[in-house]
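Visitor: I should like to take a close look at a single part of this model. Please begin with the contact between charged side chains and then describe its surroundings.

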Amino acid sequence: MAARKSSKDGVLSRVSSSISESPIVYRGKRVASDAGFVAKKLLKSTGKAAWIAGTTFLILVVPLIIEMDREAQFNELELQQASLLGTPAVAAPQK
């Protein structure tokens, strides 16, 4: 038996083209495209915010931490020297 072919397209081709051209598929593609755009913008703005927070932390907080560590080391050194010299240790002020 010879397969019958229509003059233009097969049934499967006609069905797939009618589905791909439907307004539902078009709207789905558009929604997916919009969601991708929003996600890209959100990631960009999140990255910018992370950069600002990170550089602010480095500029403001890290020097403070270093200075606090230096002060603690200096206080320990003073206590150690006072104990070696035999003078009574001065209690550190309570904060």
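Guide: In this predicted model, a salt bridge joins the side chains of Glu 67 and Arg 70, with a distance of 3.9 Å from N to O. That distance satisfies the criterion, which asks for a side-chain nitrogen of Lys or Arg within 4 Å of a carboxyl oxygen of Asp or Glu. In general, side chains of opposite charge can pair when their charged atoms come close. The structure holds 1 salt bridge.

The positions of the partners along the chain help to account for the contact. Glu 67 and Arg 70 are 3 residues apart in helix H2, so about one helical turn separates them. As to solvent, Glu 67 is partly exposed because its relative accessibility is 43%, a value that falls between the limits of 20% and 50%. Arg 70, at 52% relative accessibility, counts as exposed, since the threshold for that class is over 50%.

The helix that carries this pair also holds other features. Helix H2 covers residues 23–85 and includes Phe 57. Phe 57 has a relative accessible area of 44% and is therefore partly exposed. Together with Leu 58, Ile 59, Leu 60, Val 61 and Ile 65, Phe 57 forms a nonpolar surface patch, whose combined accessible area is about 600 Å². Lys 41 is likewise found in helix H2. A surface patch of positive charge brings together Lys 41, Lys 40, Lys 44 and Lys 48.

An annotation can be set beside these features. An unreviewed UniProt entry lists residues 49–66 as "transmembrane region". In the model, residues 49–66 are 100% helix and 0% strand, with the C-alpha atoms at the two ends 25 Å apart.

The wider setting of the pair is the chain itself. The chain contains 2 helices and 0 strands. Of its 95 residues, 2% count as buried. The accessible surface of the chain amounts to about 9,300 Å², and carbon and sulfur atoms contribute 66% of that area.

Terms used: Residues numbered from 1 in each chain as written. Predicted model: local features only at pLDDT ≥ 70, side-chain atom pairs only at ≥ 80, totals over all residues. Heavy atoms only, no water. Patch = residues over 30% accessible without salt bridge, like charges linked within 9 Å, V, L, I, M, F, W, Y side chains within 5 Å. Areas by Shrake-Rupley, 256 points an atom, 1.4 Å probe, with all protein chains shown as cover. Helix = DSSP H or I, 4+ residues; strand = E, 2+ residues; numbered from the N terminus. Buried < 20%, exposed > 50% of the residue type's maximum accessible area, 1.4 Å probe, protein only. Lys, Arg positive; Asp, Glu negative; His and termini not counted. Charge placed at Lys NZ, Arg CZ, Asp CG, Glu CD. UniProt positions renumbered as here; feature names shortened; annotations may be inferred.
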